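Subject: Handover of a structure, with notes

Dear colleague,

I am passing this structure on to you, and the notes underneath it set out what was found. Please read them with the coordinates open.

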Amino acid sequence: ISLAADGRLRNVCVHGPSGSGKSAIADVFVREFYTNNVEDGRITMKDCVYRTTGEKVSQSVRKFVKAVEHWKKRLDHQVKKHQVQPALKCVLVDCLDQVPSHGQQTVRQLIEAMDSEGV
């Protein structure tokens, strides 16, 4: 958590066999990071996290990209409205390995673009 808080850890990929607790670990990390790095409740953890599944991404990569862009705009609006910058901005994609390779490439490019924007 301290690596993420000071910006040294930007992206995390959790992998392992089915049922090994990958989603649970990601949930605990997000909850702990949010609790330790957001000073008040003006921006909620729900505002800071976009969650989906690889199955939904596979159905329409374009819809996924638009949904993430919409989430970013909504979060930016909350930041401006409340004059608070949350330390946590997180996109969680469960079962990304189910997405075809071209879709995974698009997701990677989106995450890299968000990195370059400081999201």
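The notes below take one helix and then the aromatic rings around it.

This is a predicted model, in which local features need pLDDT of at least 70 and side-chain atom pairs count only at pLDDT 80 or more, while totals for chains, interfaces and linings use all residues. Residues are numbered from 1 along each chain as its sequence is written, and side-chain values use heavy atoms, with hydrogens and water left out.

Helix α5 comprises the 22 residues 61-82, where helices (H or I, at least four residues) and strands (E, at least two) are DSSP runs numbered from the N terminus. The end C-alpha atoms of α5 are 32 Å apart, which agrees with the 32 Å expected at 1.5 Å a residue, the expected span being 1.5 Å times one less than the number of residues. Within α5, the residues V61, F64, V65, V68, W71, K72, L75, Q78 and V79 are buried, buried meaning under 20% relative accessible area, exposed over 50% and partly exposed in between, with a 1.4 Å probe and protein chains only. These buried residues cover an arc of only 145 degrees around the axis, which puts them on the same side of α5; the arc is that of the directions from the helix axis to the C-beta atoms. On the other side of α5, R62, K63, K66, H70, K73, H77, K80 and K81 are exposed.

The buried residues of α5 pack against α3 (45-48), β1 (49-53), α4 (54-59), β2 (90-94) and α6 (101-117), with contact taken as heavy atoms within 4.5 Å. Just after α5, Q83 takes a positive phi of about 55 degrees.

The structure also holds two aromatic pairs, for which rings of Phe, Tyr and Trp (its six-membered ring) must have centres within 6.5 Å, with planes under 30 degrees apart counted as stacked, over 60 as edge-to-face and the rest as tilted. Y50 and F64 form a tilted pair, 6.2 Å centre to centre with 55 degrees between the planes, and this pair links strand β1 to helix α5 across 14 residues. Y50 and W71 form a tilted pair at 6.3 Å and 50 degrees; since Y50 lies in strand β1 and W71 in helix α5, that pair ties together parts 21 residues apart in sequence. Ring pairs thus link Y50, F64 and W71 into a cluster, and the relative accessible areas are 16% for Y50, 4% for F64 and 1% for W71.

With best wishes
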